Amino acid sequence: MTRDEIAARVPDGMNPDVRLHQRGRAELEFLAAQRAALDPLRARVKARIEASPEAAAWADAPEPRIDDLRAAAERALAGSADQAVIGAALRWGRRSLTPRAAAAFQAQRAELAEFAEAPDPAAILDRGEEVVPRYWRYEFHGTTGGWDGHEHMGFVHHELVYRYLLVPAYGDIFRQRAEVAAAAPRTDYTAVCDLGCGTGQYTLKLAERFPGARVTGVDLSLTALRYAQRRAADRGLAWDLVRAPAEDTGLPTGSQDLVTSFILLHEVPPHAIRGIFAEAFRLLRPGGDLVFSDVAPYRERAPYQAWLDDWDAENGNEPWWRSTATAELVETAKEAGFTEVRQQALGPGGYPWVTFARRPVEKEEST
Ligand SMILES: C[S@@+](CC[C@H](N)C(=O)[O-])C[C@H]1O[C@@H](n2cnc3c(N)ncnc32)[C@H](O)[C@@H]1O
């Protein structure tokens with residue numbers, strides 16, 4: 001395949017020059033094929049749940065409880081082995097994924113390091129191990145080693161795993177990040193902060209949308225930040241990158257006019273979500289905007305989809321998905337002091353689900 005053909009297949013933001021040799025590629029493609037092979041089982045599970053009047057009624061309950069939907073789905077699936085097989089394959093796939101992607105990287109280390117190395121890692125402001133919350137050490141998504149489980153985890157995950165597994169399964173998953181950046185209320189921001197920026201996929205869309213802004217990315221993963229720095233440098237961009245918790249960034253008060261995040265909130269427990277809203281309020285100048293995009297609330301989902309989200313979260317090591325998908329983020333934003341709070345689904349099925357809010361000007365004047 002030529003470089004142009006590859007460039008046409010990998011979403012904008014990924015590096016079309018990165019290529020695995022046959023063995024590493026075959027291992028990751030096998031995991032992708034194994035996932036796709038379960039489609040007929042998924043279709044049967046979906047049909048059974050959708051045929052259940054009890055599951056359908058869940059959506060109309062005055063206060064729909066996800067445990068009730070789970071119980072209704074379990075009854076609908078009684079006697080079928082399909083979901084057990086999907087679960088076993090999911091857990092095995094997730095355990096295998098990072099080790100296989102990391103092994104593929106190691107096998108080609110000399111050539112891939114050229115694409116993966118951060119140009120100036122010392123420029124990343126590191127607030128140190130002491131500020132890393134315990135919940136972040138969890139083995140996220142059931143992968144081995146957690147967010148920083150490999151020296152080049154940012155690259156391994158965002159170039160190799162995305163390319164060979166996620167893009168074939170879901171297509172251009174970065175387009176939604178551009179849509180969220182475009183939904184921000186203004187275009188004239190001068191200081192934009194991306195909380196939980198990871199390897200900079202959303203940060204890149206922010207930099208494109210607000211070319212005049214100084215861009216700051218905050219994350220707890222050093223390996224992700226290093227690859228974010230590389231991603232920016234490859235495009236002639238420079239971002240301020242900080243390793244710190246989003247709920248305690250250490251950045252100056254009132255230094256930003258847009259504080260935003262893409263799929264950070266469902267990675268953290270409820271107390272940290274409250275901390276992140278409070279920190280966003282502190283960072284914003286009066287009149288500044290908050291735009292947080294995350295998973296769809298269960299109440300916005302059709303019963304099968306809500307059930308699947310919750311089942312996947314439980315079986316795929318997403319400990320904070322349920323609490324986030326059932327959280328009242330409008331209240332959280334108001335408690336932090338925000339006004340003009342509203343929420344909007346930008347895509348079908350309630351995703352991306354975006355919370356917008358503004359730091360009021362009056363607040364600043366009265367203090
Ligand atoms: C699902 S990734 C999303 C990354 C990025 N926003 C994107 O759009 O690709 C979530 C990121 O949040 C980071 N993270 C989790 N908890 C955090 C916290 N309390 N403070 C800062 N970053 C955090 C993880 O290290 C990870 O890079």
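Where is the place of Pro352? I looked this up before anything else, and Pro352 sits in the loop between strand S7 (339-345) and strand S8 (353-358). A note to self before going on: this is a predicted model.

**Entry: backbone oddities**

I stayed with Pro352 and checked the peptide bond that joins it to Tyr351. That bond is cis, with omega at about -5°.

I then turned to phi. Ile263 is not a glycine, yet its phi is positive, at about 50°. I placed Ile263 in the loop that runs between strand S5 (256-262) and helix H12 (270-283).

**Entry: the ligand and its shell**

How many residues surround the ligand? I get 22, and the closest are Tyr135, Arg177, Gly196, Asp219 and Ala246.

I sorted this shell by class and found 13 nonpolar, 5 polar and 4 charged residues. I also asked which domains supply it. Domain 1 (3-123 + 136-167) and domain 2 (170-358) each give at least three residues to the shell.

**Entry: polar atoms around the ligand**

I looked up three distances here.

- For Tyr135, an N or O atom of the side chain is 2.7 Å from a nitrogen atom of the ligand.
- For Arg177, an N or O atom of the side chain is 2.9 Å from an oxygen atom of the ligand.
- For Phe262, the partner is a polar backbone atom, and it lies 2.9 Å from a nitrogen atom of the ligand.

How much of the ligand's accessible area does the protein cover? On its own the ligand has 600 Å² of accessible area, and the protein covers 96% of that.

Tyr135 and Arg177 thus turn up twice in my notes, as they are also among the closest residues of the shell.

**Entry: the second largest pocket**

I moved on to empty space. Rolling a probe the size of a water molecule over the atoms shows where such space is left.

The second largest pocket has a volume of about 360 Å³. I count 13 residues in its lining, and Met1, Arg9, Glu29, Arg163 and Tyr164 lie nearest the centre.

Which elements give two or more residues to this lining? They are helix H1 (3-9), helix H2 (22-37) and helix H8 (153-170). H8 gives the most, with 4 residues.

By class, I find 8 nonpolar and 5 charged residues in the lining of this pocket, and no polar ones. The shell around the ligand, for its part, does include polar residues, 5 of them.

Note on methods:
Residues numbered from 1 in each chain as written. Predicted model: local features only at pLDDT ≥ 70, side-chain atom pairs only at ≥ 80, totals over all residues. Heavy atoms only, no water. 1 Å grid on protein atoms, 1.4 Å probe; cavity = no way out; pocket = protein on both sides within 12 Å on 5 of 7 lines; lining within 4 Å. Points joined across faces, edges and corners; volume = space filled by probe spheres on them. Nonpolar A, V, L, I, M, F, W, Y, C, P; charged D, E, K, R; others polar. Near = heavy atom within 4 Å. Polar contact = N/O pair within 3.5 Å; in protein donor to acceptor, adjacent residues only side chain to side chain. Areas by Shrake-Rupley, 256 points an atom, 1.4 Å probe, with all protein chains shown as cover. Domains from an automatic or database assignment.
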